[in-house]
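Okay, thanks for coming, everyone. I've got one model to walk you through today, so let me put it up on the screen.

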Amino acid sequence: MEVIAIASAAVSAIGQYKAGQAAQAQYRSQAAWNEIQAENDAIQYEQQGVNALRRTLRTVSAINARAAAGNINPWSGSTGNLQDQVLHEGYTDFNISKSNALTRRLTGQFQSNIYNAAGKSAYQQGVFGALSTVGKAGAQYMQIGSAPSTSSTPNPHSSGGQGPIFGFN
């Protein structure tokens, strides 16, 4: 019976340890996937910034073309002021997109660190659970103690507690 209890405790301890390892691996996978998603989002933000610059260049080119078509100096007066305004807005949009990309990378890294910490905690819980199970099994075994000796070899000097047999000691 004790062998079954010890084997059961060992199997339970191994299961707890393996469950901790599996949970840690799952959290690591979530962390890696989160970093991939964050980088993908950051690239999309950067692309938005590039698109803002492209729109800005097209707008400035259109202003220059219309001014030149009307025999107006495209870099002076209201045409120049309009170009400055368009460039300022385009550059602002680009910087916002660049900032969004950086923010997404940092928040992705932060979330990945949370997943990694949770994985470490899950692993430690598995280890401590396994050690606790082994400790409890050892304590129970010590409380049970060992079984009394069931030796069937007769003692030639004993009468089984009935006194001398046939007058012999």
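Before I point at anything, one bit of vocabulary: when I say buried, I mean under 20% relative accessible area, exposed is over 50%, and partly exposed is whatever sits in between. And keep in mind that this is a predicted model.

So, Tyr17. Its relative accessible area is 29%, so by that cut-off Tyr17 is partly exposed. I start there for a reason: searching the whole structure turns up 1 aromatic pair. The ring centres of Tyr17 and Tyr123 are 5.8 Å apart and the planes sit at 65°, so we call the pair edge-to-face. Tyr17 belongs to helix α1 and Tyr123 to helix α2, so this pair ties together parts that are 106 residues apart in sequence. Tyr123 comes out at 27% relative accessible area, so that ring is partly exposed as well.

Let me zoom out for a second. How many helices and strands does the chain have? The count is 2 helices and 0 strands. Helix α1 covers residues 2-69, and helix α2 covers residues 77-144. Of the 169 residues in the chain, 20% are buried. If you take contacts between residues at least 6 apart in sequence, 80% of them join residues at least 24 apart. The chain exposes about 12,400 Å², with carbon and sulfur atoms supplying 59% of that.

Now the charges. Side chains of opposite charge can pair when their charged atoms come close. Here, the search of the whole structure gives 3 salt bridges. Glu39 bridges to Arg105, and the closest N and O atoms are 2.8 Å apart. Glu39 is in helix α1 and Arg105 is in helix α2, so the bridge ties together parts 66 residues apart in sequence. Glu39 is at 32% relative accessibility, so partly exposed, and Arg105, at 27%, is partly exposed too.

Arg105 has another partner: the side chains of Arg105 and Glu46 meet in a salt bridge, 3.0 Å from N to O. That one also links distant parts of the chain, with Arg105 in helix α2, Glu46 in helix α1, and their positions 59 residues apart. Glu46 has 34% relative accessibility, which makes it partly exposed. Put those together and Glu39, Glu46 and Arg105 form a network of salt bridges.

Then there's Arg104 with Asp41, another salt bridge, at 2.8 Å from N to O. Again it links distant parts of the chain: Arg104 is in helix α2 and Asp41 in helix α1, 63 residues apart. Is Arg104 buried or exposed? Buried, because its relative accessibility is 18%, and the cut-off for buried is under 20%. Asp41, at 25%, counts as partly exposed.

Two more stops. Which residues does Thr56 touch, leaving out those up to four places away in sequence? Val86, Leu87 and Gly90. Thr56 lies in helix α1, and with a relative accessible area of 7%, it is buried.

And last, the outside. Ile6, Tyr141 and Met142 make a nonpolar surface patch of about 330 Å². Tyr141 is found in helix α2, and at 37% relative accessibility it counts as partly exposed.

That's my tour, so go ahead and rotate it yourselves.

Definitions and conventions: Residues numbered from 1 in each chain as written. Predicted model: local features only at pLDDT ≥ 70, side-chain atom pairs only at ≥ 80, totals over all residues. Heavy atoms only, no water. Helix = DSSP H or I, 4+ residues; strand = E, 2+ residues; numbered from the N terminus. Buried < 20%, exposed > 50% of the residue type's maximum accessible area, 1.4 Å probe, protein only. Contact = heavy atoms within 4.5 Å. Patch = residues over 30% accessible without salt bridge, like charges linked within 9 Å, V, L, I, M, F, W, Y side chains within 5 Å. Areas by Shrake-Rupley, 256 points an atom, 1.4 Å probe, with all protein chains shown as cover. Salt bridge = Lys/Arg side-chain N within 4 Å of Asp/Glu carboxyl O. Phe/Tyr/Trp six-rings, centres within 6.5 Å; stacked < 30°, edge-to-face > 60°.
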